[in-house]
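Biologist: I am new to this structure and would like to go through it step by step. Please show it first.

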Amino acid sequence: MRNIGERLAGIVRGGDVLLLSGPLGAGKTTLAQGFGAGLGIGEPIVSPTFTIARELDGVFPGGRHAHMIHVDAYRLGGSDYAPGQDGIDRLLDELESLGLDEELEDPGENTVVLMEWGEQMAAALAPERLEIHIDRPAQLVQNTDEPTSEGTRIVTLVPVGSDWAQRAATLAGK
């Protein structure tokens, strides 16, 4: 997962939005760690579940400054809806209250957004994005009922927008 993250960091540009989805323990944060390493971020990359978002600085390939916003939307979208409000509106309201709505809707030329659990708001936030779906067949630690972090992952890239298909295709050759 780290290797995939590093390779993805090699094709991103400022303004990109990447959405990670998959079950708990699929490797979303591990992929984010590789992505951060690929951008030369020296700080530890941990799941921002309780902080919702972390902002980190690194370098894009070619040497230009990179500002990464690592968002975990797992806790967003509670059940307290205003009358007539749908789920997407609720999520956008929460992002606005956190000050993330504008960064996510229109990331700056040096900003890349990596969002875990963001699939429920993908279309509302980013008409151009790379969706990264991680799946793993359920495996248990031998002789227990506990899930293991070991095992095969299936990673599917879904490019949405103008040139994501071409950029994502370059990963197959690496």
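Biologist: What share of the 174 residues in the chain do buried residues make up?

Modeller: This is a predicted model, so the values are computed from it. A residue counts as buried when its relative accessible area is under 20%. Of the 174 residues in the chain, the buried share is 41%.

Biologist: In what order do the strands form the open sheet?

Modeller: The chain has six helices and six strands. Six strands form the open sheet, and their pairing is mixed. The order is S2-S3-S4-S1-S5-S6.

Biologist: Which strands stand at the edges, each with a single partner strand?

Modeller: A strand with a single partner has one side left without a neighbour in the sheet. That holds for residues 53-59 and for residues 154-160. The edge strands are therefore S2 and S6.

Biologist: By how many degrees are neighbouring strands of this sheet turned against each other on average?

Modeller: The direction of the strands is ignored for this value. On average, the turn between neighbours is 20°.

Biologist: Which residue in S5 does leucine 18 stand opposite?

Modeller: S1 and S5 run parallel and are joined by four bridges. Strand S1 covers residues 17-21. In S5, the residue opposite leucine 18 is leucine 130.

Biologist: What angle does the direction of H2 make with that of S4?

Modeller: H2 packs on the sheet and touches S1, S2, S3, S4 and S5. Its buried residues include Leu31, Ala32 and Phe35, and what covers the buried residues of H2 includes helix H1 as well as strand S4. Between the directions of H2 and S4 the angle is about 165°.

Biologist: Which residues touch the most other members of the largest nonpolar core?

Modeller: This core has 25 residues. H1, S1, H2, S3, S4, S5 and H6 each supply at least two of them. The residues with the most contacts to other members are Leu18, Phe35 and Leu39.

Biologist: Which methionine does phenylalanine 35 touch?

Modeller: Residues up to four places away in sequence are not counted here. The contacts of phenylalanine 35 include Gly5, Leu8, Leu18 and Val112. The methionine among its contacts is Met68.

Biologist: Which strand does helix H6 run at about 150° to?

Modeller: Helix H6 spans residues 164-172. This helix lies across S1, S5 and S6. The angle of about 150° is to S6.

Conventions:
Residues numbered from 1 in each chain as written. Predicted model: local features only at pLDDT ≥ 70, side-chain atom pairs only at ≥ 80, totals over all residues. Heavy atoms only, no water. Buried < 20%, exposed > 50% of the residue type's maximum accessible area, 1.4 Å probe, protein only. Helix = DSSP H or I, 4+ residues; strand = E, 2+ residues; numbered from the N terminus. Contact = heavy atoms within 4.5 Å. Pairing = 2+ DSSP bridges. Axes fitted to C-alpha atoms, helices over the stretch in contact; angles between N-to-C directions. Core = buried A, V, L, I, M, F, W, Y, C linked by side-chain atoms within 4.5 Å.
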